[in-house]
Amino acid sequence: MKLIVYGTNACPDCVEAIQKLDEKKADYVYLEFSNNMPNLKRFLKLRDTEVIFDAVKEQGKVGVPCFKLEDGTLTLNLEEVLDKIG
């Protein structure tokens, strides 16, 4: 499964997610955005337009790590991703 992960190395949850994906030998692309303006803009476009982030924004959170599955589905749930990749 090809997976896109949006996140930042400054976020402990993102670091943990990447470690778990590596342990599973998952096929993914990590779009780290703390020092990469194009990746940040790409993430913010998702965050500003996708309903999945509404509750996160209401809580004043960022919404990472964010996972985009091969079929285009977005999720903020690492366990869901890990289940799908086996």
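A polar contact is a pair of N or O atoms within 3.5 Å; within protein, one atom must be able to donate a hydrogen and the other to accept it, and residues adjacent in sequence count only if both atoms are side-chain atoms. The model is predicted, so local features need pLDDT of at least 70 and side-chain atom pairs pLDDT 80 or more, while totals for chains, interfaces and linings use all residues. Residues are numbered from 1 along each chain as its sequence is written, and side-chain values use heavy atoms, with hydrogens and water left out.

**Exercise 1. Work out how the ends and the buried residues of helix H4 are arranged.**

Step 1. Let's start at the N-terminal end, where Asn77 acts as a cap: a side-chain oxygen of Asn77 lies 2.9 Å from the backbone nitrogen of Glu79. Helices (H or I, at least four residues) and strands (E, at least two) are DSSP runs, numbered from the N terminus.

Step 2. Next, list the buried residues (under 20% relative accessible area, 1.4 Å probe, protein chains only; exposed is over 50%, partly exposed in between). In H4, residues 78–85, they are Leu78, Val81 and Leu82. Viewed down the axis of H4, these buried residues fall within an arc of 95 degrees, so they line one face of the helix. The arc is taken from the directions from the helix axis to the C-beta atoms.

Step 3. Now look at the cover over that face: it includes strands E1 (2–7), E3 (66–68) and E4 (74–75), along with H1. Contact means heavy atoms within 4.5 Å.

Step 4. Finally, go past the helix: Gly86 follows H4 and has a positive phi, near 80 degrees.

**Exercise 2. Trace the surroundings of Thr75 in strand E4.**

Step 1. Thr75 counts as buried, at 5% relative accessibility.

Step 2. Its side chain reaches the backbone nitrogen of Asn77 at 3.0 Å. Asn77 is also the residue that caps H4.

Step 3. Beyond neighbours within four places in sequence, Thr75 is in contact with residues including Ile52, Pro65 and Val81.

**Exercise 3. Find what the side chain of Glu32 reaches.**

Step 1. Place Glu32 in strand E2, residues 27–32. Glu32 is buried, with a relative accessible area of 11%.

Step 2. Check the polar partners: the Glu32 side chain makes a polar contact with the side chain of Thr8 (3.3 Å) and reaches the backbone nitrogen of Asn9 at 2.8 Å.

Step 3. Leave out residues up to four places away in sequence, and Glu32 touches Gly7, Thr8, Asn9 and Asn39. Asn39, in helix H2 (residues 37–49), is itself buried, at 14% relative accessible area.

**Exercise 4. Identify two backbone features, at Pro65 and at Lys25.**

Step 1. Recall the background: most residues other than glycine have a negative phi, and most peptide bonds are trans.

Step 2. Val64 and Pro65 are joined by a cis peptide bond, with omega about 0 degrees. Pro65 sits in the loop between helix H3 (54–58) and E3.

Step 3. Lys25 is not a glycine, yet its phi is positive, about 55 degrees. This residue lies in the loop between H1 and E2 and is exposed, with a relative accessible area of 73%.
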